[in-house]
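Work through the exercises below with the sequence and the model at hand. Each task is followed by a solution in steps.

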Amino acid sequence: MERTFLMVKPDGVQRGLVGRIIGRFEDKGFGLIAGKLVQVTEAQAKRHYAEHEGKPFFDELVGFITSGPVFAMVWEGDDIITLSRMVIGKTKVTEALPGTIRGDFAAHTPFNLIHGSDGVESAEREIANFFAPQELVPYTRSVSSWI
Ligand code: GTP
Ligand code: MG
């Protein structure tokens, strides 16, 4: 079982897509173990996107992610890091296929609605940047043997 950090970005919150985005991951069979609305601080945004520091779009990215509240979540499931990124779709909207969240809802690349961790290490770091350990509520779901 893996954990990942998923975050509806400010565009998804403003557009009222939080419920439908959560539904995509519920439909896939993943387990939600933490979630909250957060106004991201600049320091927190820079930690979150540290791997992109120095790139030409870094300041724009930090500005975007701090421009309004996000919905931060922790989900768990087998191979969830890879599978959730498939549900999310490609970074560039011109490459995001229909059926993915970005393919169905996003029309311009920076406004791509949702973030998903890209590895086990980044997931751990990103979860710790947004949640205290006691905010995670793992539980056994009775349907898990059917998923
Ligand atoms: P995240 O889940 O947000 O991390 O997206 P990702 O993993 O699909 O993409 P990546 O980590 O490579 O980039 C992080 C974010 O930076 C993307 O979601 C985009 O919003 C933005 N980004 C990435 N590449 C570019 C680019 O070439 N130009 C611009 N303007 N933004 C970019
Ligand atoms: Mg990324």
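Helices (H or I, at least four residues) and strands (E, at least two) are DSSP runs, numbered from the N terminus. The model is predicted: local features need pLDDT of at least 70, side-chain atom pairs count only at pLDDT 80 or more, and totals for chains, interfaces and linings use all residues. Residues are numbered from 1 along each chain as its sequence is written, while chains are lettered from A and ligands numbered from 1 in the order in which they are written.

**Exercise 1. Leucine 113 and leucine 17**

Task: Place leucine 113, state whether it is buried or exposed, and do the same for leucine 17.

Solution.
- Step 1. Leucine 113 is found in the loop between α6 and β4.
- Step 2. A residue is buried if 20 or more other C-beta atoms lie within 10 Å of its own, exposed if 12 or fewer, and partly exposed in between, with C-beta atoms placed from the backbone. Leucine 113 has 23 other C-beta atoms within 10 Å and is therefore buried.
- Step 3. Its phi is positive, about 75 degrees, although leucine 113 is not a glycine.
- Step 4. Leucine 17 belongs to the loop between α1 and α2. It is buried because it has 22 C-beta neighbours inside 10 Å.
- Step 5. Along the chain, leucine 17 and leucine 113 are 96 residues apart, yet their C-alpha atoms are separated by 8.6 Å.
- Step 6. Two residues are in contact if their C-beta atoms, placed from the backbone, lie within 7 Å. Not counting residues up to four places away in sequence, leucine 17 touches Val8, Gly12, Phe105 and Leu113.

**Exercise 2. The nonpolar core and its strands**

Task: Which residues have the most contacts inside the largest nonpolar core, and which element gives the most to it?

Solution.
- Step 1. A nonpolar core is a set of buried Ala, Val, Leu, Ile, Met, Phe, Trp, Tyr and Cys residues joined through C-beta atoms within 7 Å. The largest one has 31 residues, and Met7, Val8, Met73, Leu113 and Ile114 have the most contacts inside it.
- Step 2. At least two residues of this core come from each of β1, α2 (18-28), α4 (58-65), β3 (70-77), α5 (80-88), α6 and α7 (120-130). With six residues, β3 gives the most.
- Step 3. Six of the eight residues of β3 are buried, so the strand is largely enclosed by the rest of the structure.
- Step 4. Strands pair if DSSP finds at least two bridges between them. β1 and β3 run antiparallel and are joined by seven bridges; arginine 3 has glutamate 76 in β3 as its bridge partner.
- Step 5. β2 (residues 31-38) also pairs with β3 in the antiparallel sense, over seven bridges. There, valine 38 is bridged to valine 70 of β3.
- Step 6. Leaving out residues up to four places away in sequence, the contacts of valine 8 include Val70 and Phe71, as well as Leu113 and Ile114.

**Exercise 3. Ligand 1 and the annotated positions**

Task: Which residues surround ligand 1, and which positions does UniProt list as "binding site" and "active site"?

Solution.
- Step 1. A residue is near a molecule if its C-beta atom, placed from the backbone, lies within 6 Å of it. Ligand 1 is surrounded by Phe57, Glu60, Leu61, Thr91, Thr109, Pro110, Asn112, His115, Gly116 and Asp118.
- Step 2. α4 and β4 (114-116) each supply at least two residues of this shell.
- Step 3. Ala, Val, Leu, Ile, Met, Phe, Trp, Tyr, Cys and Pro count as nonpolar, Asp, Glu, Lys and Arg as charged, and the others, Gly among them, as polar. The shell then has three nonpolar, five polar and two charged residues.
- Step 4. UniProt positions are given in the numbering used here, feature names are shortened, and annotations may be inferred rather than shown by experiment. The unreviewed entry marks Lys9, Phe57, Arg85, Thr91, Arg102 and Asn112 as "binding site", and His115 as "active site".
- Step 5. Histidine 115 lies in strand β4 and is partly exposed because it has 19 C-beta neighbours inside 10 Å. Apart from neighbours within four places in sequence, it is in contact with Leu6, Met7 and Lys9.
- Step 6. Lysine 9 sits in the loop between β1 (2-8) and α1 (10-14). Its 24 C-beta neighbours inside 10 Å make lysine 9 buried.
- Step 7. Arginine 102 is part of helix α6 (residues 101-105) and is buried, with 22 other C-beta atoms within 10 Å.
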